[in-house]
Every structure is written in structure tokens, then in C-alpha cells.
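Visitor: I've got a chain here that I'd like to walk through with you. Could you put it up so we can poke around?

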Amino acid sequence: MKNSGFTKRAISAVFLVAILLAVGIAGGTILQLFCIIVATVGMKELYMATGLYNKDATDKKDNMLAVSGMVCCVLYFVVSGFTSALFTMKTPMGEIFTGSLIGSMEVMELIQLISTLGYMAASFIYVFVIFIIMAAIYVFSFPRFDFKKVANAIAIALYTPLFVTSIFLIRFQNDGKYLFWLIFISSWICDTCAYLVGCNIGKHKLAPVLSPKKSIEGAIGGVMGSVIVAFIFGYFVQFKLFGGNNYVSEYMIICFFGAIVSQVGDLFASAIKRNNDIKDYGTLIPGHGGIFDRFDSVIFVAPIIYILALILC
């Protein structure tokens, strides 16, 4: 049985890496669709975990908060993506905007800036809309939902899409095709190294009540593993193999802090599961659980990677 479980996890991991390679290389609309799926499914799993969504509910109105959040999430990505696309060179608006200067680095940087501002504007509007919609549901269906449920619904509706947006924005930057992978070096590589180190030399508990198997030694090993892989990736892959910019030290710094944050994100997701007495968020990924079980630290760490990349690279 244990071997069967390991095989499932391994096969699923291979498929996940293949998907990431595809969306990471493609970028653009393909990556945006990937972000919509991760954000919306992750949001649904969180709503189910907190009891705000039940597909078997007798009264479907009990799911109003969750359904509203998921619909708004999809609309947010569609609207923000459309705004971004208006200022890329592959659209008529982009061609008018760039004129005869297409191909210059200055124009490309300006396009990226305007596109990013478009996403930021959409994010601000989205926050406002979510509060209004959730408040309206709370008021006009009173007393169907108490304030705690409304607060949870708002927090989840903001958490997943806004954090996942950072994944797309990272890929859209200069060297984004490389920066994109720092998210996963800081999360999945960190998680793997932390597990291996913790299993072999872990003695001091990191969060004994929340996650008894995690150790301080494992956490340190995870951070160091991410930094080492960041060095290998930055120097041997980006710089030597593909002749990109030499950002080795910057990548190591980014992944150092990213790995720390990713472990907080992992524990954060574990705390939610403990609070709601569930083992996994879903069953979508065989051997791993749901989307949020596999992408919890990824979603949590993406904003810090984006911010540090803007500062350092």
C-alpha cells in the first residue's frame, strides 16, 4: 500500500512538472488559464474546508457566498487579462500604442509597466467589488449567514486570486521565463529538502502542536536546499546554458527569503485543515490531495518572489 501511494505521488509529480514546463514556457494566455484554474479550484477547496460550500446542500442558497466569490475570481482574471492584452504588441491597441518604435527595449518596458498597472487597477476594483457583494448577500439574506462566515468568505475570495496573480506578473517581467521557476524552487524544492533533512537529522520540533513531524533542522535544510538550487539554476542554467543575465546572487537571496515564507504558507494551510478537522483539501491530484494541498506554499510565496524580483532584478 505504501509503495502504491508513493507511485501515485511520483506519477502525479511528473505530470505537474510537465504542466508547469508547458505553461511556464508558453506564458501569456496559457499561463493565465492555468492561474484561473489554480485560483478558482483552490478557492473552492477552501470554501469547502470552511463549510461555506457544500455541493450536496439541501438549500443551494447556503452556497451563495462561495459561488459569488468563485464567479468574481474568474471575472477578475478575465478583465485584468483583457486590460493587460490591450497593451501588448499582438493586439491592435498595442500596435497603435507602440507605433514605429516596436522592438525597442524602452517600449517593451513601458508595455510591461502599463500591463502591470492594469492588473493592479483590476485588483483594487476587485477588492472593492468583493466587499460590496459579500456585504449585500449578508444584508439581504440576513440572518442566513453570520458575520464570521462573511469574513471568511471575503478573506478566501481575496487570498487566492490576488496571490496567484503574482505568478502571472512574475512571468510577464524581463527574465520572467527564469524568474517564474524561483517560485517553485522556493516552495517545492524547499519542501523536498526539508522533508529529507528532517527525516534524517530532525530533532527539534518546529511547530509541535500544528505539525509534529516538521523540525527546525528540516526547515533550515529546506532553506539551504532552495538557495543551493537557486545557485545551480541561476549560474548553470540561465547564465551558462541559455546565456541569460547573471543574477546568481540575486536568485539566492530571493530563494532564501522565499523558502522561509513558503514554509509559513505550508503551515498556514495546515492550520486551516486542523481548525476544520480535514486531512486533505480535495482529491483532484492523486497521492497529493487537492490543488491547495500541492499549491499552498506556491500561492503564499508568489507575492514575495514578485516583490523581491522587482527590487533585485
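Visitor: Is Val-71 buried, partly exposed or exposed?
Guide: Keep in mind that this is a predicted model. Val-71 sits in helix 3, which covers residues 64-85. Its relative accessible area is 44%, and the middle class runs between 20% and 50%, so Val-71 is partly exposed.

Visitor: How far apart are the C-alpha atoms of Val-71 and Thr-40?
Guide: Along the chain these two are 31 residues apart. In space, their C-alpha atoms are separated by 8.5 Å.

Visitor: I always check cysteines before picking a buffer. How many disulfides are there?
Guide: The rule asks for two cysteine sulfur atoms within 2.5 Å. Take Cys-72: the nearest cysteine sulfur belongs to Cys-73 and is 8.9 Å away, so Cys-72 fails that cut-off. Over the structure, the disulfide count is 0.

Visitor: And is Cys-72 buried or exposed?
Guide: The cut-off for the lowest class is under 20% relative accessible area. Cys-72 comes in at 10%, and Cys-35 is buried too, at 1%. So Cys-72 counts as buried.

Visitor: Let's talk charges. How many salt bridges turn up in the whole structure?
Guide: Side chains of opposite charge can pair when their charged atoms come close. Here the cut-off is 4 Å between a Lys or Arg side-chain nitrogen and an Asp or Glu carboxyl oxygen. Searching the whole structure with it gives 6.

Visitor: Which residues are linked with Arg-144 in a network of salt bridges?
Guide: Arg-144 pairs with Asp-59, with the closest N and O atoms 3.3 Å apart. Arg-144 also pairs with Asp-62, at 2.7 Å. That puts three residues in the network, and the partners of Arg-144 are Asp-59 and Asp-62.

Visitor: How many residues apart in sequence are Asp-62 and Arg-144?
Guide: Asp-62 lies in the loop between helix 2 and helix 3, while Arg-144 lies in the loop between helix 5 and helix 6. Both are partly exposed, Asp-62 at 35% and Arg-144 at 31%. Their salt bridge therefore ties together parts of the chain whose separation in sequence is 82 residues.

Visitor: What does Lys-273 meet in a salt bridge?
Guide: Lys-273 is in helix 9 and its partner is in helix 10, 20 residues apart. Lys-273 is buried at 15% relative accessible area, and the partner is buried as well, at 12%. The N to O distance is 3.1 Å, and the partner is Asp-293.

Visitor: Any odd backbone spots? Which peptide bond is cis?
Guide: Look at the loop between helix 5 and helix 6, where you'll find Pro-143. The bond leading into that proline has omega near 10°. So the cis one, going by that omega value, is Phe-142 to Pro-143.

Visitor: Asp-277 has a positive phi although it is not a glycine, so what is the value?
Guide: Asp-277 is found in the loop between helix 9 and helix 10. It is exposed, with a relative accessible area of 73%. Its phi is about 55°.

Visitor: Asp-175 has a positive phi as well. Is Asp-175 buried or exposed?
Guide: Asp-175 lies in the loop between helix 6 and helix 7, and its phi is about 65°. Its relative accessibility is 19%, and the cut-off is under 20%, so Asp-175 counts as buried.

Visitor: Which backbone oxygen does the Thr-160 side chain reach?
Guide: Thr-160 sits in helix 6 and is buried, at 0% relative accessibility. Its side chain makes the contact at 3.2 Å, and the oxygen belongs to Ile-156.

Visitor: What stands opposite Lys-205?
Guide: Strand 1 and strand 2 pair in the antiparallel sense over 2 bridges. They form a hairpin with 3 residues between them. Opposite Lys-205, in strand 2, is Ser-215.

Visitor: Last one: which helix gives the largest share of the nonpolar patch?
Guide: The patch has about 710 Å² of accessible area together, and its members include Leu-206, Met-224 and Ile-228. Ile-228 is partly exposed at 49%. The largest share, 7 residues, comes from helix 8.

Methods: Residues are numbered from 1 along each chain as its sequence is written. This is a predicted model: local features need pLDDT of at least 70, side-chain atom pairs count only at pLDDT 80 or more; totals for chains, interfaces and linings use all residues. Side-chain values use heavy atoms; hydrogens and water are left out. Patches are made of residues with over 30% relative accessible area and no salt bridge: like charges are joined within 9 Å, nonpolar side chains (Val, Leu, Ile, Met, Phe, Trp, Tyr) within 5 Å. Accessible areas come from the Shrake-Rupley method with a 1.4 Å probe; for residues, only the protein chains shown count as cover. Helices (H or I, at least four residues) and strands (E, at least two) are DSSP runs, numbered from the N terminus. Buried means under 20% relative accessible area, exposed over 50%, partly exposed in between (1.4 Å probe, protein chains only). Two strands pair if DSSP finds at least two bridges between them. A polar contact is a pair of N or O atoms within 3.5 Å; within protein, one must be able to donate a hydrogen and the other to accept it, and residues adjacent in sequence count only if both atoms are side-chain atoms.
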